[in-house]
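Here are my notes for you, as promised. Keep the structure open while you read and check each point against it.

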Amino acid sequence: MIRQMQVEDLKRCGEIYAQAFPIEHWGIDWNPDNARAYLSDFYEQKKFVGYVYEENSEIVGCVFAHCKISGSKRELYINEMAVLPQMQGQGIGRALLNTVLQYSREIGLAGVVLYTSEYAPAAKFYERNGFKLSQGTICMYRE
Ligand SMILES: CC(C)(COP(=O)(O)OP(=O)(O)OC[C@H]1O[C@@H](n2cnc3c(N)ncnc32)[C@H](O)[C@@H]1OP(=O)(O)O)[C@@H](O)C(=O)NCCC(=O)NCCS
């Protein structure tokens, strides 16, 4: 079952996030506490949109997003998604993504945007779900 995220869900989402992003693959030492603090920042955004997936009344997946004006358009940005490792590959991520896409259409947004690592397996997940590389956009950085 998918439902809107509540503030009480953040603790469990932190636990899931820390497991879904292990240090061996991502190089960041996530634990339930620092992951919860990180995710809380998204939750506190004014135009936050978030859902959790429950199996037997326990949260096993979550998605954090927010609505944003981008030029003349309004879009939905996905900030984070995580599914408990032992529950991955069973369609939970797709179901969460579909909920976000449906919400975006329902409120008349132009589309859904997300950033992910070129090298992360998640890119394949998004491609499988109809996302394409954004043309004409580059990501720049300096220290
Ligand atoms: C990415 C993630 C959210 C996907 O959730 P999931 O429940 O495992 O995905 P689903 O079972 O719904 O998969 C949907 C489709 O994507 C594909 N897919 C999912 N994960 C994939 C992966 N790592 N590599 C390639 N394809 C993948 C599935 O094969 C499926 O396609 P199909 O129906 O054509 O076979 C989840 O695996 C996860 O939490 N990963 C670790 C954290 C992460 O990378 N988060 C996103 C960072 S931006």
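1. Start with the pairing of β2 and β3. Strand β2 (residues 48-55) and strand β3 (residues 58-70) run antiparallel, and eight bridges hold this pair together. For a spot to look at, find F48: H66 in β3 stands opposite F48. Bear in mind throughout that this is a predicted model.

2. Now zoom out to the sheet. Five strands form an open sheet in the order β1-β2-β3-β4-β5, and the pairing is mixed. Which strands sit at the edges? They are β1 (2-4) and β5 (111-114), each of which pairs on one side only. If you ignore direction, neighbouring strands of this sheet are turned by 30° against each other on average.

3. Next, look at what packs on that sheet. Helix α1 (residues 10-20) touches β3 and β4, and its direction makes about 95° with that of β3. Helix α3 (residues 32-43) lies across β2, β3 and β4. To β3, helix α3 runs at about 45°.

4. How many helices and strands does the chain have? Count five helices and five strands. Following the sequence, you meet them in the pattern β-α-α-α-β-β-β-α-β-α. The radius of gyration of the chain is 15 Å, close to the 15 Å that the globule rule gives for 143 residues, so the chain is as compact as a globular protein of that length.

5. A few more numbers on the whole chain. Along the principal axes, its C-alpha atoms fill a box of roughly 40 × 35 × 30 Å. Of the 143 residues, 22% are buried. Take the contacts with a separation of 6 or more: 55% of them are between residues 24 or more positions apart.

6. Then there's the ligand. Which of the 19 residues around the ligand come nearest? Those are Q88, G93, R94, P121 and K124. Three elements give two or more residues to the shell: β4 (73-83), α4 (92-106) and α5 (122-128). The largest share comes from α5, with four residues.

7. Last, the make-up of that shell. Sorted by class, the residues around the ligand are 10 nonpolar, six polar and three charged. When you go back to the picture, try finding α5 beside the ligand, since you now know that helix α5 gives four residues to the shell. Then go back to β4, which also gives two or more residues to the shell and is touched by helix α1.

Methods
Residues are numbered from 1 along each chain as its sequence is written. This is a predicted model: local features need pLDDT of at least 70, side-chain atom pairs count only at pLDDT 80 or more; totals for chains, interfaces and linings use all residues. A residue is near a molecule or strand if its C-beta atom, placed from the backbone, lies within 6 Å of it. Ala, Val, Leu, Ile, Met, Phe, Trp, Tyr, Cys and Pro count as nonpolar, Asp, Glu, Lys and Arg as charged, and the others, Gly among them, as polar. The radius of gyration is taken over C-alpha atoms; the globule rule is 2.2 Å times the number of residues to the power 0.38. A residue is buried if 20 or more other C-beta atoms lie within 10 Å of its own, exposed if 12 or fewer, and partly exposed in between; C-beta atoms are placed from the backbone. Two residues are in contact if their C-beta atoms, placed from the backbone, lie within 7 Å. Two strands pair if DSSP finds at least two bridges between them. Axes are lines fitted to C-alpha atoms, for helices over the stretch in contact, and angles run from 0 to 180 degrees between N-to-C directions.
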